[in-house]
Amino acid sequence: MNKCRKIVVTGASGFISTNLRKYLSEQNIELISISRKNFKQFKNESKIVSKNYDEKNLLKKIKDSYALIHLVGIGKQSVDIDYGLVNTQFTNHIVNLSKKAKIKKIIYLSGLGVSATTSLGYFISKYHSEKIIINSGINYTIFRPSYIVGKDDLLTKHLHKQIKNGLIKIPGSGNYMIQPIHVNDVVKIIFKSITEVKFKNKIFDLVGSDNVTFEEYVKLFSKGTNTIIKKINLEDSYYDAITNPKSDFGVDDLNILIGNFKGNHNKLKKFTGMKFESVVKLLESGRLL
Ligand SMILES: NC(=O)c1ccc[n+]([C@@H]2O[C@H](COP(=O)([O-])OP(=O)(O)OC[C@H]3O[C@@H](n4cnc5c(N)ncnc54)[C@H](OP(=O)(O)O)[C@@H]3O)[C@@H](O)[C@H]2O)c1
């Protein structure tokens with residue numbers, strides 16, 4: 001464990017980062033966490049607040065850390081901030097910093113569906129980031145997650161909000177499948193990928209054991225709440241996503257849902273040797289509500 005004493009985490013106040021930092025802190029890992037804004041520190045954690053992660057401010061502080069877990073990313077873009085800038089160019093900056101800081105390992109969360117043949121702008125930006133990391137010469141593990149769920153993820157928050165209003169809208173048929181994975185399993189896998197040599201220079205789909213349609217997921221999620229579930233014409237959902245910056249689903253949220261991307265859970269299970277939480281069972285027990 002000594003060799004991975006110091007771990008750097010980027011995007012510290014994000015959903016996965018917050019869960020991961022808590023878990024790593026409990027494992028007595030020394031953390032250096034970076035965010036653009038102030039955040040609550042855990043035990044064994046040093047905090048860096050930096051608007052643009054400039055080298056002058058960061059390099060000395062992260063030098064000779066064992067690993068860097070890069071959790072900065074966006075899934076919706078605007079004229080001010082786009083995928084190329086945040087998902088790709090920022091990753092390039094972080095990889096260059098990691099090289100200068102002599103960091104030995106990089107962990108990156110890409111996306112389920114990312115491939116050399118993708119035509120989606122969001123996935124293209126993630127594909128390029130993967131390539132930057134792979135070509136860096138630094139030992140890497142890349143994960144391509146489906147929906148990572150917990151208490152505070154975007155999908156859960158979005159469904160909670162709709163339940164409060166008594167109506168959940170499903171874009172289109174709702175027959176497309178998702179493979180949700182619980183954030184508690186994700187943080188354990190990330191920890192393993194830092195501590196176990198067999199994860200070196202590998203890419204994994206990060207998918208849970210359940211393969212459910214979005215409609216089934218929503219029904220389970222809202223079970224016992226008297227919420228009306230309504231299917232919305234896909235054209236109307238896209239129109240809303242295209243014309244309303246505050247729409248519940250962004251254009252790429254819809255693309256990813258409708259894309260029906262599938263991952264290999266058995267491969268992940270066999271490789272990690274882990275027992276995974278079934279998100280469906282959690283929903284059935286009401287523990288995710
Ligand atoms: N959650 C999922 O289901 C899922 C699925 C597939 C892939 N992923 C990937 O996993 C990573 C983490 O996801 P998450 O769900 O934890 O997302 P999140 O809660 O939105 O966190 C992402 C973090 O990125 C940082 N960030 C955003 N824009 C930035 C910018 N312009 N400059 C610097 N930092 C910026 C922010 O950190 P600060 O506010 O602390 O600065 C933000 O909290 C992302 O790359 C995402 O694409 C997530």
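A helix, as I use the word here, is a DSSP run of H or I with at least four residues, and helices are numbered from the N terminus. By that rule residues 279-284 make helix α11, and valine 280 lies in it. Before going further: this is a predicted model.

Let me stay with valine 280 for a moment. Its relative accessibility is 13%, and buried means under 20%, so valine 280 counts as buried. Leaving out residues up to four places away in sequence, valine 280 touches Asp210, Val212 and Leu220. Leu220 belongs to helix α7 and is one of the buried residues there. Helix α7 covers residues 214-221, and six of its eight residues are buried. The buried set is Phe214, Glu215, Tyr217, Val218, Leu220 and Phe221. Note that a glutamate is in that list, Glu215.

Next, threonine 213, which sits in strand β12, residues 212-213. Threonine 213 has a relative accessibility of 13% and is therefore classed as buried. What is threonine 213 in contact with, leaving aside neighbours within four places in sequence? The contacts are Gly174, Asn175, Tyr176 and Met177.

Now the main sheet. In what order do the seven strands of the open sheet run? The order is β3-β2-β1-β4-β5-β6-β11, and the pairing is parallel. At the edges stand β3, residues 45-49, and β11, residues 202-206; each has a single partner strand, so one side of each has no neighbour in the sheet. On average, neighbouring strands are turned by 15° against each other, direction ignored.

To take one pairing in detail, β5, residues 105-109, and β6, residues 139-145, are joined in the parallel sense by five bridges. Isoleucine 106 has tyrosine 140 of β6 as its bridge partner. Helix α1, residues 15-26, lies across β1, β2, β3, β4 and β5, and runs at about 165° to β2.

The UniProt record, an unreviewed entry, annotates residues 7-199 as "domain: NAD-dependent epimerase/dehydratase". Over residues 7-199 the chain is 39% helix and 21% strand, and the C-alpha atoms at the two ends are 16 Å apart.

On to the aromatic residues. The structure holds 12 aromatic pairs. I will show two of them.

In the pair of phenylalanine 123 and phenylalanine 261, the ring centres are 5.2 Å apart and the planes stand at 80°, so this pair is edge-to-face. Phenylalanine 123 is in helix α4, residues 121-134, while phenylalanine 261 is in the loop between α9 and α10; the pair therefore ties together parts that are 138 residues apart in sequence. Are these two rings buried or exposed? Phenylalanine 123 is buried, at 1% relative accessibility, whereas phenylalanine 261 is partly exposed, with a relative accessible area of 26%.

The second pair is phenylalanine 143 with phenylalanine 204, which is stacked: 6.0 Å centre to centre, with 25° between the planes. Phenylalanine 143 is in strand β6 and phenylalanine 204 in strand β11, 61 residues apart, so to speak of the pair is to speak of distant parts of the chain being linked. Both phenylalanine 143 and phenylalanine 204 are buried.

Going back to phenylalanine 123 and phenylalanine 261, they belong to one aromatic cluster with Tyr83 and Tyr122.

Two lysines also sit over rings. The charged end of lysine 198 is over the ring of phenylalanine 271, 4.8 Å from its centre. Lysine 47 lies over the face of phenylalanine 39, at 5.7 Å from the ring centre. As for where lysine 47 is relative to valine 280, their C-alpha atoms are separated by 36 Å, with their positions 233 residues apart along the chain.

Last, two backbone points. Asparagine 44 is not a glycine, yet has a positive phi of about 65°. Asparagine 44 is in the loop between β2 and β3, and is partly exposed, with a relative accessible area of 32%. Asparagine 201 also has a positive phi, near 50°. Asparagine 201 lies in the loop between α6 and β11, and is partly exposed at a relative accessible area of 37%.

That is what I have on this model.

How values were computed:
Residues are numbered from 1 along each chain as its sequence is written. This is a predicted model: local features need pLDDT of at least 70, side-chain atom pairs count only at pLDDT 80 or more; totals for chains, interfaces and linings use all residues. Side-chain values use heavy atoms; hydrogens and water are left out. Two strands pair if DSSP finds at least two bridges between them. Axes are lines fitted to C-alpha atoms, for helices over the stretch in contact, and angles run from 0 to 180 degrees between N-to-C directions. Contact means heavy atoms within 4.5 Å. Rings of Phe, Tyr and Trp (its six-membered ring) pair if their centres lie within 6.5 Å; planes under 30 degrees apart count as stacked, over 60 as edge-to-face and the rest as tilted. Buried means under 20% relative accessible area, exposed over 50%, partly exposed in between (1.4 Å probe, protein chains only). A charge sits over a ring if NZ of Lys or CZ of Arg is within 6 Å of the ring centre and within 35 degrees of the ring normal. UniProt positions are given in the numbering used here, feature names are shortened, and annotations may be inferred rather than shown by experiment.
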